[in-house]
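Subject: Structure handover

Hello,

Here is the structure you are taking over. My notes on it follow below.

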Amino acid sequence: MTPTWYVTFERKRGALPKQRSPRETKTFATEAEAKAFTRLLLEEGFAIFAGTINPHLPKRLIPYSGIHSWLENEPE
């Protein structure tokens with residue numbers, strides 16, 4: 001199955017100024033798989049962005065501020 005979702009993640013930056021970790025991205029065939037992976041990353045303190053991979057339609061982009069709302073919705 002072709003991947004249609006991605007999750008990009010990096011460690012959250014603390015109060016002290018320091019170099020940020022490089023971002024990493026993982027792809028998934030389904031939204032449910034992407035959500036399961038995202039739940040694991042949230043427990044470990046990562047900043048996370050998710051969305052659909054082009055040319056998948058409808059285009060979705062979930063910023064860090066919207067991750068919790070996205071996770072509360074049932075997978076499509």
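To start with a single pair, Y6 has G51 in strand β3 as its bridge partner. Please keep in mind that this is a predicted model.

Y6 and G51 belong to a longer pairing: strand β1 (residues 5–11) and β3 run antiparallel to each other, joined by seven bridges. Further along, E10 stands opposite A47 in β3, and R11 stands opposite F46 in β3.

For the overall layout, the protein chain has two helices and four strands. Read from the N terminus, the order of these elements is β-β-α-β-β-α.

The sheet

The four strands make an open sheet, with antiparallel pairing and the order β2-β1-β3-β4. Strands β2 and β4 are at the edges with a single partner strand each, so each has one side without a neighbour in the sheet. Helix α1 (residues 31–43) packs on the sheet and touches β1, β2 and β3. The direction of α1 makes about 10° with that of β1.

As general background, the strands of a sheet pair through backbone hydrogen bonds, in either a parallel or an antiparallel sense.

The edge strands pair as follows:

- β2 (residues 24–28) is joined to β1 by five bridges, and the two run antiparallel. T8 has T25 in β2 as its bridge partner.
- β4 (residues 61–62) pairs with β3 in the antiparallel sense over two bridges. The bridge partner of A50 in β4 is I62.

Burial and surface

Why can β3 be called largely enclosed by the rest of the structure? A residue counts as buried when its relative accessible area is under 20%. In β3 (residues 46–52), six of the seven residues are buried, so the strand is largely enclosed by the rest of the structure. Strand β1 is mostly covered, with six of its seven residues buried.

For the protein chain as a whole, 34% of the 76 residues count as buried. The chain exposes about 5,300 Å², and carbon and sulfur atoms supply 55% of that area.

Contacts along the chain

Among contacts in the protein chain with a separation of 6 or more, 58% are between residues 24 or more positions apart. One pairing to look at when you open the model is β1 with β3, which has seven bridges.

Regards

Technical notes
Residues numbered from 1 in each chain as written. Predicted model: local features only at pLDDT ≥ 70, side-chain atom pairs only at ≥ 80, totals over all residues. Heavy atoms only, no water. Buried < 20%, exposed > 50% of the residue type's maximum accessible area, 1.4 Å probe, protein only. Contact = heavy atoms within 4.5 Å. Areas by Shrake-Rupley, 256 points an atom, 1.4 Å probe, with all protein chains shown as cover. Pairing = 2+ DSSP bridges. Axes fitted to C-alpha atoms, helices over the stretch in contact; angles between N-to-C directions.
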